[in-house]
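The following exercises concern strand pairing, backbone geometry and ligand contacts. Each task is followed by a worked solution.

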Amino acid sequence: MPEFQYDPEGLSVNTPPDRIAELLDATREAFAGGSLIRLKLGGYHGAEPELKAVEVKKIATKAGEKYSFTYKYKTRDTIKNYAEDEALALLGDGLATEFRSAQLATTDFDMMYERNGAKQRLKRAQAEGREAPSTEHNRAKNRPLSETGKPWLKALGLSGKNGAIRHDAQDKFRQINKMVEIFAPLVASLKAEPPLIVDMGAGKGYLDFALYDYLATVVKRPVRIVGVEMRPQLVEDGNATAKDSGFDGLSFEAGAIMDYDASGADAVIALHACDTATDDAIYKGISAGAALIAVAPCCHKQIRRQMEAGRPDQTLEPLLRHGIFVERQAEMVTDTLRALLLELNGYKTRVFEFVSDAHTPKNNLIVAEKDGRMGRDRDAVLSQIGAIKATFGIGEHYLESLIDR
Ligand SMILES: C[S@@+](CC[C@H](N)C(=O)[O-])C[C@H]1O[C@@H](n2cnc3c(N)ncnc32)[C@H](O)[C@@H]1O
């Protein structure tokens, strides 16, 4: 590797990999020496439409020190932690392709990297009087819910007598925090004051308690959350815990999703509501004209059965020969049709990974935001729906039958 040299004004122009390698070397040294404040990648021009920047910090985890990447999207942040080799490989690739600029801040110096076509610049400036943030502090800051002594955490079995998160509930707690990270920005875009959020198939209400706690105590935005759940005992327990927690705006109602009157809901959400219960939730959201519908679907039996019983296009035979692939195709087809049906009803729809599949393989989140306008021709969407159904041998998506009736 050629030696790195700075030009007299602090600017240097050299071959592209050297500038990136130099920046990454400096990052690695700062990480190892505890002087890293942050590395921020900007000027994104890759395939993800809403990604704005990536911020990298050092954090302490149970598995050791990691590079924590915060992916900053237009309306949300997602965080992923990586070991050093993986982190540096990702940064190297990203800087060579999708990001045009980076700023490294350490306690001793800053580095600014810029790429314009084949030209690259790296500028360094000394810094003084800065302290590196503690990695423990970063860990707490990375989690929306950092206080663990809450009654609801205990009632849901996540924390023990001493108020600390139980050893065997660490993953669940991380997962809940991740949910809050995803949902809080979505709720922030709701205009109603206070917004009404209806969670269909709420179960024990993990998300509802976490989101309510975060919005009420951290963001301090009044909100009303109703969890609809068919199992009465869960509803009773949830209401008792909400009362104990002083969460006046959180309640649970017993009953089936389809029997619940969702009029006035600003957001309808459903996490892992079984099979077509997800469609019931989407339908209720569409009927209520909710500004936001967000669902993480569970099993996809209705479409799978039709794919197996119907006459899919012959060219799909190898793709549908193995049970495991039929399951995955059913998931993609079901959720693609849901996304298209939402689009048909005036929702701008995105699908992305919800929680890491280390927690559950059911990790798609469909987020639909009502903008009232069809982004494209209605007939074009209808014809795509028709073509997918014909190709996969599907008679009718259950959600279609709800919307059409
Ligand atoms: C897999 S659990 C998920 C619970 C919760 N949303 C979560 O992510 O932790 C699905 C829940 O939805 C409830 N459920 C399923 N179908 C329902 C329906 N049609 N109406 C109301 N609740 C339903 C079940 O009783 C169950 O508690």
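**Exercise 1. Identify which residue in β2 is the bridge partner of leucine 39, and describe the pairing of β1 with β2.**

Solution. In this predicted model, valine 56 in β2 is the bridge partner of leucine 39. The next step is to consider the two strands as wholes: β1 and β2, the latter spanning residues 51–61, pair in the antiparallel sense over 3 bridges. Finally, the connection is examined: 6 residues lie between β1 and β2, and the two strands form a hairpin.

**Exercise 2. Determine how many bridges join β1 to β5, and in which sense these strands run.**

Solution. Strand β1 covers residues 36–44 and strand β5 covers residues 99–106. The two are joined by 7 bridges and run antiparallel. A specific pair can then be located: phenylalanine 99 in β5 stands opposite tyrosine 44.

**Exercise 3. State whether the peptide bond from glutamate 193 to proline 194 is cis or trans, and locate proline 194.**

Solution. Omega for the bond from glutamate 193 to proline 194 is near -10°, and the bond is cis. As for location, proline 194 is found in the loop between α5 (170–188) and β8 (196–200).

**Exercise 4. Establish the sign of phi for lysine 220, and where this residue is found.**

Solution. Phi of lysine 220 is near 60°, which is a positive value in a residue other than glycine. Lysine 220 belongs to the loop between α6 (206–219) and β9 (224–229).

**Exercise 5. Characterise the surroundings of the ligand, beginning with the residues that come nearest.**

Solution. Step one concerns the shell. There are 14 residues around the ligand, of which Gly201, Glu229, Arg231, Ile257 and Leu271 come nearest. By class, the shell divides into 8 nonpolar, 4 polar and 2 charged residues.

Step two concerns polar contacts, for which the cut-off between N or O atoms is within 3.5 Å. The following pairs meet this criterion:

- A polar side-chain atom of glutamate 229 is 2.6 Å from an oxygen atom of the ligand.
- A polar backbone atom of leucine 271 lies 2.9 Å from a nitrogen atom of the ligand.
- A backbone N or O atom of methionine 230 is 3.3 Å from a nitrogen atom of the ligand.

Step three concerns coverage. On its own the ligand has 590 Å² of accessible area, and the protein covers 80% of this area.

**Exercise 6. State which pocket holds the ligand.**

Solution. The ligand sits in the second largest pocket.

Key: Residues numbered from 1 in each chain as written. Predicted model: local features only at pLDDT ≥ 70, side-chain atom pairs only at ≥ 80, totals over all residues. Heavy atoms only, no water. Near = heavy atom within 4 Å. Polar contact = N/O pair within 3.5 Å; in protein donor to acceptor, adjacent residues only side chain to side chain. Areas by Shrake-Rupley, 256 points an atom, 1.4 Å probe, with all protein chains shown as cover. 1 Å grid on protein atoms, 1.4 Å probe; cavity = no way out; pocket = protein on both sides within 12 Å on 5 of 7 lines; lining within 4 Å. Sits in = over half its atoms within 2 Å of the grid points. Nonpolar A, V, L, I, M, F, W, Y, C, P; charged D, E, K, R; others polar. Pairing = 2+ DSSP bridges. Helix = DSSP H or I, 4+ residues; strand = E, 2+ residues; numbered from the N terminus.
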